[in-house]
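Visitor: I am new to protein structures and would like to learn how to read one. Could you walk me through this one?

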Amino acid sequence: MSPEEVEVVRRKLATIVGDLKALEPIGVMGKEDYIEDLYKRKATERLLQELIEAAIDINIHLILEAGYTAPDDYYESFVKMGELGIISSDLADKLAPSAGLRNRLVHEYDMLDHAVVLKAVATAEEMFSKYVKEINDHLSKEK
C-alpha cells in the first residue's frame, strides 16, 4: 500500500478516534437525560453515523487494495474484512450490524428509538476501539 493510501486510512481512523472521544460524555448519561436533550441526541446520531461511515470507507479501501471487488453492501464490508483476516472474524461479526444502525440514522431518523441509539454508544466505544487497534496492527504489518 502506498504511503498516500496509508494516510487516507489513518485519517479515517483519526475520525473514528475523535468521534469516540466526543461520545464519551454521552455514554455515561442516563436514558431520561439523553432522551430529553435534543442537541445531545442529534450530536450522538451524527457522531455514530460518521464513525461508522469512516469504518466502511476503510473497509472498502482495504478490500479493494487486497485485490477484491467492493462488497454488495456495507454489512458485507465488515464480513469481508474478517474473511480476509484484516480484522478478526469475531470483531467483524460484531461490527457488521453497525451498518444497519448507520442506515437507520440516515434514512429512518424520524423513527429512531433513542434508547437503542444511546445503547449503541457503549457498543461503539468498545467495538470501534478494537477496530482501530486491529486496523493499525494491519497497517503496521503492511510496511
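Here is a short conversation about the core, the helix packing and two loop residues.

Guide: Welcome! Please keep in mind that this is a predicted model.

Visitor: Let us start inside. Which residues touch the most other members of the largest nonpolar core?

Guide: The general idea comes first. In soluble globular proteins, nonpolar side chains tend to be buried together. Here the largest nonpolar core has 41 residues, and Ile16, Leu48, Phe128, Tyr131 and Ile135 touch the most other members. Two or more residues each come from α1 (3-27), α3 (38-65), α4 (74-83), α5 (89-95), α6 (98-107) and α7 (114-142).

Visitor: Which element gives the most to this core?

Guide: That is α7, which supplies eleven residues.

Visitor: Can we look at one core residue up close? What is Ile16 in contact with, leaving aside its neighbours within four places in sequence?

Guide: Beyond those neighbours, Ile16 is in contact with Leu51, Ala54, Ala55, Ile58, Phe128, Tyr131 and Val132. Find Phe128 and Tyr131 in your view: they share with Ile16 a place among the residues that touch the most other core members.

Visitor: Now the helices. How do I describe a packed pair?

Guide: Two packed helices are described by the angle between their axes and the distance between the axes. Try α1 and α3: their axes are 9 Å apart and the angle is about 155°. An angle over 145 degrees counts as roughly antiparallel, so α1 is roughly antiparallel to α3. The crossing of α1 past α3 is left-handed.

Visitor: What kinds of residues make up the contact of α1 with α3?

Guide: By class, there are 14 nonpolar, three polar and seven charged residues in that contact.

Visitor: How are α3 and α6 placed, with axes that cross at roughly 135°?

Guide: The axes of this pair come within 9 Å. At that angle, α3 and α6 are oblique to each other. The crossing, with α3 passing α6, is left-handed. On the α3 side the contact uses Glu45, Leu48, Gln49, Ile52 and Glu53, and on the α6 side Ser98, Leu101, Arg102, Leu105 and Val106. Sorted by class, these are five nonpolar, two polar and three charged residues. You have met Leu48 before, among the residues that touch the most other core members.

Visitor: And what about α4 and α6: is that crossing left-handed or right-handed?

Guide: Here α4 passes α6 in a right-handed crossing. Their axes come within 7 Å and cross at roughly 160°, so α4 is roughly antiparallel to α6. From α4, the contact draws on Tyr74, Tyr75 and Phe78; from α6, on Ser98, Ala99, Arg102 and Asn103. Four of the contact residues are nonpolar, two are polar and one is charged. Notice that Ser98 and Arg102 also appear in the contact of α3 with α6.

Visitor: Let us finish with the loops. Is Val28 buried or exposed?

Guide: A residue counts as exposed when its relative accessible area is over 50%. Val28 has 70%, so it is exposed. You will find Val28 in the loop between α1 and α2 (31-36). Val28 and Leu118 are 90 residues apart in sequence, yet their C-alpha atoms are 9.5 Å apart in space.

Visitor: Where is Gly85 found?

Guide: Gly85 sits in the loop between α4 and α5. With 47% relative accessibility, Gly85 counts as partly exposed. Gly85 and Lys141 are 56 residues apart in sequence and 12 Å apart in space, C-alpha to C-alpha.

Technical notes:
Residues numbered from 1 in each chain as written. Predicted model: local features only at pLDDT ≥ 70, side-chain atom pairs only at ≥ 80, totals over all residues. Heavy atoms only, no water. Core = buried A, V, L, I, M, F, W, Y, C linked by side-chain atoms within 4.5 Å. Buried < 20%, exposed > 50% of the residue type's maximum accessible area, 1.4 Å probe, protein only. Helix = DSSP H or I, 4+ residues; strand = E, 2+ residues; numbered from the N terminus. Contact = heavy atoms within 4.5 Å. Axes fitted to C-alpha atoms, helices over the stretch in contact; angles between N-to-C directions. Parallel < 35°, antiparallel > 145°, perpendicular 65-115°, else oblique. Left-handed = near helix turned anticlockwise from the far one by under 90°. Nonpolar A, V, L, I, M, F, W, Y, C, P; charged D, E, K, R; others polar.
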